[in-house]
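Here are a few exercises to help you find your way around. Have a go at each one before you read its solution.

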Amino acid sequence: MADANAAVAVVTVSLVLLGLLSGLSLSWALLPAAVVVLIFILASGLKGRDELAHLNICVLVLGDIGRSPRMQYQALSLSRHGYNVTVIGFLGTKPHQDILEDERIDILPISELKGLRVGPKIFAYVSKVILQSIQLFYVLMKIEDQGYILMQNPPGLPAIAVAWLASRLRGNQFIIDWHNYGYTIMALTHGENHLVVKMAKWYEKLFGCFSDHNLCVTNAMREDLKKNWNIDATTLYDKPPSIFRETPIKLQHELFVRMASVYSPFRPSSEVTKEHMEITAFTERNTQTGGVTPSAGRPALLISSTSWTEDEDFSILLQALEDYEKFVETGDKLPSLVCVITGKGPQKEHYKKLIDSKVFKHVKICTPWLEAEDYPVLLGSADLGVCLHKSSSGLDLPMKVVDMFGCCLPVCAIHFQCLHELVKHEENGLVFKDSSELSEQLKLLFSNFPGEQGKLFHFRKSLRESGQQRWDENWDRNVLPLIKEHCD
């Protein structure tokens, strides 16, 4: 009980400080703290710990569940080993069908609350944090007893403190899965010296140290957590699940037909007509025999996926595509390109306007949002992946490249601090620093397309032969022993 009382005290003081820093009067700053104390008093009358609580695990994402693939994989892995999983988060994008159909996984949606829209911005931000804290705390106290709360960070404000408090009150183990640092993402928008960024860093460091266990995505992050925050973590690299694999040509054709009904780059040239043939820009199916073959002279399919945030500069790719267009215009023997950029995010409309302003003859660009089931099929059908993710901390790795490698898809990735933990230059792909390097790499890789003599085919062959570890094996080795030790 002493541990729980201490947890309430720390969170109460933190909420009061946040309120005062945002400009609230003392009486208003004390209000959310009073709510926490009230819930704590009510919670003290809860029934004793469920004997089967060790079989229940809460997976918490203070974000869109459907756009949090790693936490969906965590939930599926837990279910596969007999645990009952409650996934808490926002229901913005449809989660993967395997999550929806799993009888051991329940989704408990929470609302993405907005702050008060009066007064200075920091007042609105802090009010949102306080409202979100109260909602999340209520939900975590209401659900049936859990053996573990497994929480994604970022976003961690206010989830870390609230999840820690709930775990102390209910006797759960609390584990943080560090994907990055939240304050470094904020700094992309506000700058490192902004008050909100400094508060977020202080908060993340303070409450991050209270977790019982920690996972992280790279060895570089594990070392940084230990050196700067004195947090011990286990590295759990992102690995592709089995759904990411090379796509058989018949499945490619089925996807291309669906895409062609919405997106013109997947349609064949208007002058191309063949009797008894169903044709896309990339494939053609004989309607009498059912056989599918690649279209003669087909374009190359380049794919990039993004959350359209500040840590990805797509002007680099657009400039490289302009250079590629010039290469073709000046006589280089290169295929036409279809560039597909998938994803949702705040900067999508900005880049769509830039894309619409471009005039290309040999490059076509589209920006679809794909359902979770179609995305791996498209990756497995592509010829090259491009990654523009530049980690805000320099310590996390792009999951999109992990998925591409699972499909044996070679990658061109922009350089940052720990990228070498995933992309091996000249072995499974190429690393670039600017648009001119990327355009030269596109020229090099597509110079022999679609032949089997150039670097592009060499990289794909290397990925096929690498015997990549998959998510299930990786998770069973690194996380399952921890869960069993403390939950069983």
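One thing to keep in mind: this is a predicted model.

**Exercise 1.** Work out the strand order of the open sheet with 6 strands, and find its edge strands.

*Solution.* Start with the order, which runs β13-β12-β11-β14-β15-β16, with parallel pairing. Next, look for strands that pair on one side only: these are β13 (363–366) and β16 (429–432), so they are the edges by the pairing rule of at least two bridges between strands. Now zoom in on one edge: β13 pairs with β12 (residues 337–342) in the parallel sense over 4 bridges. There, you'll see C339 standing opposite I365 of β13. Finally, check the twist: ignoring direction, neighbouring strands in the sheet are turned by 20° against each other on average.

**Exercise 2.** Find which strands α14 and α15 lie across.

*Solution.* Take α14 (residues 399–406) to begin with: this helix lies across β11 (300–305), β14 (384–387) and β15 (411–414). Its angle to β14 is about 170°. Then move to α15 (residues 435–445), which lies across β11, β14, β15 and β16. Against β16, α15 runs at about 160°.

**Exercise 3.** Describe the second largest pocket and what lines it.

*Solution.* First the space: it comes to about 540 Å³. Then the lining, made of 26 residues, with R298, A382, D383, F449 and R460 the closest to the centre. Sort that lining by type and you get 11 nonpolar, 8 polar and 7 charged residues. Last, ask which helices chip in: α10 (249–260) and α16 (455–465) each supply at least two residues, and α16 gives the most, with 5.

Methods
Residues are numbered from 1 along each chain as its sequence is written. This is a predicted model: local features need pLDDT of at least 70, side-chain atom pairs count only at pLDDT 80 or more; totals for chains, interfaces and linings use all residues. Side-chain values use heavy atoms; hydrogens and water are left out. On a 1 Å grid over the protein atoms alone, a cavity is a set of points where a 1.4 Å probe fits but cannot get out, and a pocket is an open set with protein on both sides within 12 Å along at least five of seven lines; lining residues have an atom within 4 Å of a point. Grid points are joined across faces, edges and corners, and a volume is the space filled by probe spheres set on the points. Ala, Val, Leu, Ile, Met, Phe, Trp, Tyr, Cys and Pro count as nonpolar, Asp, Glu, Lys and Arg as charged, and the others, Gly among them, as polar. Axes are lines fitted to C-alpha atoms, for helices over the stretch in contact, and angles run from 0 to 180 degrees between N-to-C directions. Contact means heavy atoms within 4.5 Å.
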